[in-house]
Amino acid sequence: MEYVSLHHHSTFSYGDAFGLPAEHAEYVAAAGMKALALTEHGNASSHVQLEKACNKFGIKPIFGVEAYVAPPKQPRKCHQTVLAMDQVGLANLNKMVTQSWHDFYRWPTVHLSYMEAFSDGLIVLSGCADSSLACTLLGGKSYGPTRLEYSTDDYRRALGLVEWYQGVFGDRYYLETQNFPELDRTCVLNVALERLSQDTGVNLVATHDVHIITPEQTEMRTVLHAANRGSTVAQAEATWEYGIPSWIPTSDTEIHDRLVQTGLSQDAAAEAILNTGRIAERCNVVLPKVEPIVYEPSERDWESWV
């Protein structure tokens, strides 16, 4: 596969995803992908397990996070996909995550100022349908009621936001197109993202927002949602869109066709898939290791113990 999963959750996205990093890595490797990113909600806790699993199954680990982005004291958070490109980026990713927990407000919160302060070595995708860019165009979160159309002013504000990220990250900023033709919001967004790409030169990238490994695990995700929110399974089913395939895709053709169904052109869909592999090639991080500390007792220590 040319496609690499860059927006991907394991069970470390607590209450929203299922499957250990090793299970995800094994499935991804069997599907023919050459790398796997884990982007847990607000934390980097899966990174050690990801590296061990990817080394075992012969694929490259990519270390990321799906950050909760919002101004101070804002309870409604937008989502942002962030990936470490190099060792400096890994350090900055960890600093960003750590600071977000210091500024915990309902969720660990990343402010836009952190994006500037910790930008070196990071690759940033614009995010899912709950991103700042998506909500600037179509409402949601703290941006007012959701809608399925955008005005000239909405587009102008979205263009300004893209240009801000482009100014901070340069060619390390990508517009994230998701392949969910079942969602009207995604279909409107993807067409707008292709237009933004043409107007700014920012590249498109394809993601699938994986939360489970296979379709059979959808029921488990429903249970996790219910347990995490103190509701019933029936209430979870009424709230979440479980008809959306949040499991791992298994072919480039599947991803391409679904992107085209959202309204992307054939060429844009193909380029977005190829850019996943290009991003994977740019990300080369090895987690730092520390030699175990071994205490060698002196003769005096032995004498004191006897």
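A salt bridge, as I use the term today, is a side-chain nitrogen of Lys or Arg within 4 Å of a carboxyl oxygen of Asp or Glu. With that criterion in place, I turn to the structure above, which is a predicted model. A search of the whole structure returns nine salt bridges. I shall concentrate on those involving residues of helix H6, which spans residues 152–169.

Let me begin with a network: salt bridges link Arg147, Asp154 and Arg157. Asp154 takes part in two of the contacts I will describe. With Arg147, the Asp154 side chain forms a salt bridge at an N to O distance of 3.3 Å. With Arg157, the closest N and O atoms are 2.8 Å apart. Arg157 and Asp154 both belong to helix H6, where three residues, or about one turn of the helix, separate them.

How accessible are the members of this network? Asp154 has a relative accessible area of 8% and is therefore buried, the cut-off being under 20%. Arg147, by contrast, is partly exposed at 27% relative accessibility, and Arg157 is also partly exposed, at 43%.

A further salt bridge in helix H6 joins Arg156 to Asp153, with 3.5 Å between the closest N and O atoms. Here too the spacing is three residues, so about one helical turn lies between Arg156 and Asp153. Both partners are partly exposed: Arg156 has a relative accessibility of 49%, and Asp153 one of 41%.

To conclude, I would draw your attention once more to Asp154, a buried residue that is linked with Arg147 and Arg157 in a network of salt bridges.

Methods
Residues numbered from 1 in each chain as written. Predicted model: local features only at pLDDT ≥ 70, side-chain atom pairs only at ≥ 80, totals over all residues. Heavy atoms only, no water. Buried < 20%, exposed > 50% of the residue type's maximum accessible area, 1.4 Å probe, protein only. Helix = DSSP H or I, 4+ residues; strand = E, 2+ residues; numbered from the N terminus.
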